[in-house]
Amino acid sequence: MDLQFGFFDTFPAATSADYATAYERHTADAALIERLGYTYYFIIEHQNARFPVITSPAVYLTGVAMATKKLRIGAMVHLA
């Protein structure tokens, strides 16, 4: 069994004008993480947390899936 590594990401606090830039940067980071050989990429989606969160993880992770080929992605917590 091979040792596999993953990456846990969270978004910094941003104003609504900064979200497009944040999405672009984090999507590019996910593509870089894949090229570096990581297997997993997770984000946090926890609306009641006291740390920055992403407001629409399904939309963001769809973008990550489009920018990567084999990176396994997911949300650590996904509130309905």
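Leaving aside its neighbours within four places in sequence, which residues is leucine 61 in contact with? Select leucine 61 in this predicted model and display its surroundings: the contacts beyond that sequence window are Tyr41, Ile43, Ile73, Gly74 and Ala75.

With that residue still highlighted, add the rest of the largest nonpolar core, which has eleven residues and includes, besides Leu61, Phe11, Ala22, Ala30, Ile33, Tyr41, Ile43, Ile54, Tyr60, Val64 and Leu71. Helix H1, strand E2 and helix H2 each supply at least two residues of this core.

Now step back to the whole chain, where the secondary structure comes to two helices and three strands, arranged along the sequence in the pattern β-α-β-α-β. Buried residues account for 29% of the 80 residues, and, among contacts between residues at least 6 apart in sequence, 68% join residues at least 24 apart.

Select next strand E2 (40-43), which pairs in the parallel sense with E1 over four bridges and, also in the parallel sense and over four bridges, with strand E3 (residues 72-75). Isoleucine 43 is a useful residue on which to centre the view, since aspartate 9 stands opposite isoleucine 43, while in E3 the bridge partner of isoleucine 43 is alanine 75. In a regular strand the side chains alternate between the two faces of the sheet. Colour E2 by face, and Tyr41 and Ile43 appear on the covered one, with Tyr40 and Phe42 on the uncovered one.

Move then to helix H1 (residues 19-35). The end C-alpha atoms of H1 are 24 Å apart, which agrees with the 24 Å that its 17 residues should span at 1.5 Å a residue. Show the buried residues of this helix, namely Ala22, His26, Thr27, Ala30, Ala31, Ile33 and Glu34, and then look at what covers them, which includes strand E1 (6-9), strand E2 (40-43) and helix H2 (57-67).

Is leucine 32, which also lies in H1, buried, partly exposed or exposed? Its relative accessibility is 38%, and therefore leucine 32 counts as partly exposed. A distance drawn from leucine 32 to alanine 67, C-alpha to C-alpha, should read 9.9 Å, although the two residues are 35 apart in sequence. Beyond H1, finish at glycine 37, which follows the helix and whose phi is positive, near 100°.

For a last view, switch on the accessible surface of the chain, which comes to about 5,600 Å², with 58% of that area belonging to carbon and sulfur atoms.

Notes:
Residues numbered from 1 in each chain as written. Predicted model: local features only at pLDDT ≥ 70, side-chain atom pairs only at ≥ 80, totals over all residues. Heavy atoms only, no water. Buried < 20%, exposed > 50% of the residue type's maximum accessible area, 1.4 Å probe, protein only. Expected span 1.5 Å × (residues − 1). Contact = heavy atoms within 4.5 Å. Core = buried A, V, L, I, M, F, W, Y, C linked by side-chain atoms within 4.5 Å. Pairing = 2+ DSSP bridges. Areas by Shrake-Rupley, 256 points an atom, 1.4 Å probe, with all protein chains shown as cover.
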